[in-house]
Amino acid sequence: MFRIPTAERLNWQQKAEEFGFEFHTMYGEKYWDESAYYQFTLEQIEKGIEEPTEEVHQMCLAAVERVVNDDALLRRFCIPEAQWDFIRQSWTNGDPSLYSRLDFAYSGKGDAKLYENNADTPTSVYETGFWQWLWLQDKVDAGKLSSASDQFNSLQEKLVNRFKEIKYLTPDRVLHFSCCKDTPEDRGTVQYLEDCANEAGIETDFVYIDDIGRDEFGHFTDLKNQVISSMFKLYPWEFIFQEAFSEHLGSNNIRWLEPPWKSILSNKALLPMLWKMFPNHPNLLPAFFEDELHLATGLDSLVKKPIFSREGSNISFIGDNADIEASSGPYGEEGFIYQATHMLPKFGDSYTLIGSWLVDNQAVGISIREDSNPITQDMSRFLPHVIL
């Protein structure tokens, strides 16, 4: 695994605008970065990332099975009791999932180590599935990369195929897509996924989360008073569970993407749960609930993570790495878990995180984020990759 500097494509910013990639630069800072790329061997992808991704994903599903059937564990995961039946029914019904992303620390050598599971509202899907693939094609066509260069990336194709399956499961429903207002990255992500759904032959519509209402019969509706019967929401379940309208969840016949049972996987309590169920697994890091820190014997450094958090917020180090500046944010009210410190590999001045994508239980591609800080956050740069 190498980080290789390369020349940027001429006028790539203009091309990005033409293709709707409007958040390539945010707040004056570069988000998409093609001044370098990461190069892997096929074995590093297949053995180092793809196989562990699918194995860890199955372990995560086993954890869901355990948690949904145990009231004490649902409390551990800080899920409101009013939503337990809603979540259990979703799991029992086998409500389909669209996609998810596992974040790993991996240097090209040794075992990839799971940092967390972004199972509910993973972003950077457009950059992964389309934009970095377009970069590869342009670089090969210009003779700047070997014609033998490939990429671990069938994300877009698999998303379209998965939408076709979802259409079969719920025919004749308009699929509403939704996110919050004033979130350019989220809006771009949702638009890309809506395009994939359209390609699969699904009729779609869009409504902002802020604009969803209820009709006289209690059905959720959009601004055209159209009843919502199927919805992709780029809005976390833990937020939805706190909304006033949450009391009506389950009373409407809505097919949700992602389904309610994903609220267990997107929860940092999953990490100590996995360690209990699969102790010493090579792709896991030791992790503990707050009241079980006495079990963390022999560990000189721990990472403190909120049970609910997004984009690397409210993460801090205790022990040997306590001098690393903590990330700020609004999370932590529900409590924290503690994970053994395993620093991201460093390439030059950059700490590098690998996001491994899954669609319908299959590993389908990777995204790479890097930062000068060891905590990957929302503005951390996205770089492309090749297999050679």
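I began with classes: Ala, Val, Leu, Ile, Met, Phe, Trp, Tyr, Cys and Pro count as nonpolar, Asp, Glu, Lys and Arg as charged, and the others, Gly among them, as polar. I am working on a predicted model, where local features need pLDDT of at least 70 and side-chain atom pairs count only at pLDDT 80 or more, while totals for chains, interfaces and linings use all residues. Residues are numbered from 1 along each chain as its sequence is written, and side-chain values use heavy atoms, with hydrogens and water left out.

Pocket entry. I looked up the second largest pocket (on a 1 Å grid over the protein atoms alone, an open set of points where a 1.4 Å probe fits, with protein on both sides within 12 Å along at least five of seven lines), and its volume, the space filled by probe spheres set on the points, is about 320 Å³. Of the 15 residues that line this pocket, F19, G20, G188, Q191 and Y192 are the closest to its centre; lining means having an atom within 4 Å of a point. By class I noted seven nonpolar, four polar and four charged residues in the lining. Helix α7 gives the most, with eight residues, and α5 (125–141) and α7 (184–199) each supply at least two; helices here are DSSP runs of H or I, at least four residues, numbered from the N terminus.

Helix entry. I then checked α6 (residues 155–169) against α7: their axes, lines fitted to C-alpha atoms over the stretch in contact, come within 8 Å and cross at roughly 60 degrees. The contact (heavy atoms within 4.5 Å) is made by Q156, L159, V160 and F163 of α6 and Y192, L193, C196, A197 and E199 of α7.

Note on methods: Axes fitted to C-alpha atoms, helices over the stretch in contact; angles between N-to-C directions.
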